[in-house]
Amino acid sequence: MKSFQKIALAMIAAAAATAASNAQNINGRITCDGAGVQGVAVSDGYVVTLTDADGNYSFTSQKKNGYVFYTLPRGYEPTTSYNFIPKFWEQLSSTDVSATETHNFTLHKVDNDDHLMIFSADAHLADRNKDRTMYQKSYVATLKKEKEAAKTAGKRIYSIMLGDLTWDNYWYSKKYNLNNFVADQKTYGYPIILFPVIGNHDNDPAVAYTSSDKGATTDFKSSKPWREIICPNYYSFNLGKVHYVVLDNVFYKNENTGSDYNTGVVGTRNYSARVEQYQLDWLKKDLANVDVNTPIVVCEHIPTFRLNSSNIAYGGTENYAALASVLKNYKDVHFVSGHTHYNYTARPTAYPNMMEHNVASICATWWWTGHVNGDNIKYQVCQDGSPAGYSFWEANGTDLKWEYRSITGSNNTQIRAYDMNKVKQFMTTDPYAVACVKKYGATVVPNFTAYASNAIVTNVFNYDSDWKVEVYEGADTKLMANRIYEFDPYHVLAFDVMRYKAAASINTSFATIKNLHMFRSYAKTANLPITIKVTDNFGRVHYKTFQRPMAFSLDMVDQQVDADLGDVNLDGNVNVTDVTDMINAILGSPSASFCKITADFDGDGVINVTDVTALINKILAQ
């Protein structure tokens, strides 16, 4: 009898073991050069497990999201398709939880502790307004240059697109959706590995609102094309010593108000901004494998933190505090977002370890400023006056640096300035400007008449509270530079006025907005040159100079010189001619174009032999 019991118990145990084995319905192996890679996190968006010593993994999944992905470990890159699609995930072959399936992945060993990252946002490709052509000529062309520069520097380079790759309102009427976006990148030769983030306009507008669960089913079903075509809607990866997290903070509702919608669209395409609890639960499991001293870069479409008109940071999503709580123990946390189409940085006082970087858009004002001005990428400008562009990051180990770069012209320009005498003259005499202001009112389309004579306004696109802005008139007369919450004149011209000129109307949703990276100074005269010196939080110095009076026109940027320290004659080059000019200035005979501001290497206000020596050393180091 005892023998029979032992046999029965053994059979039960064997059956239980077999059932447990079958329950682990997803398995696979992660390898590099044929060898298994240990300790790689693998997930379905709910469960997180680690590969064993041979690179094997297995776990039980409810298969809800329909995918499996791994978190790229430090020192590796994923295999790719078409050189830009990272193969860090696969669709599940079945929704049947009783069916076991295998998914293997291959890694490439690289040294990417020092790497470059390009953050861009809001391409809004929809096959309208010549958007695809301008996108290719501006953004993709710029990426190719960045890749060549990275290759020359011996650094790995990657990219993250922060949502709104497409435009849901035109998925059906223009027949341009996520599949078309991917096809275009293949055609254009998108040159860099791309890690995408889902935006509100990347959801399927043909999925109707489900009132029974307050839109939860709608949100899940509307993101299905993204999960099947692009990648998981939330995931993570490591590049060198930095841990990147991608979250889906768009709760897509698409409620129907009984109005007429675009072809194929069944609702208002509305949404809430929040990170659902199941993502927060996954994030806790993901971060359990990450040291608290590791820099965390959280990539979302909608910003977690915003700024009010008084430059005070506040929560920009419904449950920002819950997300911040998950990240509270990490030393250095950066949120990088898009959605707004303008630039700002926010440092919430309640979370001193966190910083928000909101990146202006690739499409600028939904491609309108280029389109109404001859389909010219040169005039692509965002509602805050920032040129269409992206945020360029350098990671050196755990040290992170960033700057905003343009895709419209001078790549590294950080500043645009205005002679407000000429701006006011244009806005009060140009017939289209006058008519536009009259129709929409100065609170929508400003004419800038409130500025006193000889005002100088400077737009510092990616200004942060740690930056320093200095404005000089003539050789070295320093002017006050007061930060203001105001409109950018160039966008008023490039969109408001020029769109009104073309169609006698504007979409006020796209009109110029006030921003917090504007500075006002008052010059003593109407004709002396202006030099602007901006020092960022990494000690990098940028100069802009122009002669007054300076006409207000679409091509006014051509009248402004991006100078450099040591370019004392402002010809765009730092060379021996500058040394001669500096010596002559010290001897008492400066040239007419001599700029004391760019000649003062040590910032002591005096030009002397020390500055000459520094200039010579800079030239020799070039």
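Two strands are taken as paired if DSSP finds at least two bridges between them. The views below show a predicted model.

**View 1. Strands β30 and β34 form an antiparallel pair.** Strand β30 covers residues 468-473 and strand β34 covers residues 530-535. The two are joined over 6 bridges. Within this pair, V471 faces I532, which belongs to β34.

**View 2. An open sheet of 5 strands contains the pair of View 1.** The strand order is β31-β30-β34-β35-β36, with antiparallel pairing. At the edges lie β31 (477-479) and β36 (561-563), each of which pairs on one side only. From one strand to the next, the twist averages 30°. In general, the strands of a sheet pair through backbone hydrogen bonds, in either a parallel or an antiparallel sense.

**View 3. The surroundings of D419 in strand β28 are shown.** This strand comprises residues 415-419. D419 counts as buried because its relative accessible area is 2%, whereas the cut-off for a buried residue is under 20%. The D419 side chain makes a polar contact with the backbone nitrogen of M550, at 3.2 Å. Setting aside residues up to four places away in sequence, D419 touches A455, I456, R548, P549 and M550. M550 therefore appears both in the polar contact and in the list of residues touched by D419.

**View 4. N25 occupies the loop between α1 and β1.** The flanking elements are α1 (2-23) and β1 (26-32). With a relative accessibility of 1%, N25 is buried. The side chain of N25 reaches the backbone oxygen of V97 at 2.8 Å. Apart from neighbours within four places in sequence, the residues in contact with N25 are F59, T60, S61, K63, V97, A99, T100 and E101.

**View 5. The whole protein is shown as context for the close-up views.** Its secondary structure amounts to 14 helices and 36 strands. Along the principal axes, the C-alpha atoms fill a box of roughly 115 × 65 × 45 Å. The radius of gyration is 28 Å, which agrees with the value near 25 Å for a compact globule with 622 residues. Of the 622 residues, 55% count as buried. Among contacts with a separation of 6 or more, 71% involve residues 24 or more positions apart. The accessible surface comes to about 24,800 Å², and carbon and sulfur atoms contribute 50% of this area.

How values were computed: Residues numbered from 1 in each chain as written. Predicted model: local features only at pLDDT ≥ 70, side-chain atom pairs only at ≥ 80, totals over all residues. Heavy atoms only, no water. Helix = DSSP H or I, 4+ residues; strand = E, 2+ residues; numbered from the N terminus. Axes fitted to C-alpha atoms, helices over the stretch in contact; angles between N-to-C directions. Buried < 20%, exposed > 50% of the residue type's maximum accessible area, 1.4 Å probe, protein only. Polar contact = N/O pair within 3.5 Å; in protein donor to acceptor, adjacent residues only side chain to side chain. Contact = heavy atoms within 4.5 Å. Rg over C-alpha atoms; globule rule 2.2 N^0.38 Å. Areas by Shrake-Rupley, 256 points an atom, 1.4 Å probe, with all protein chains shown as cover.
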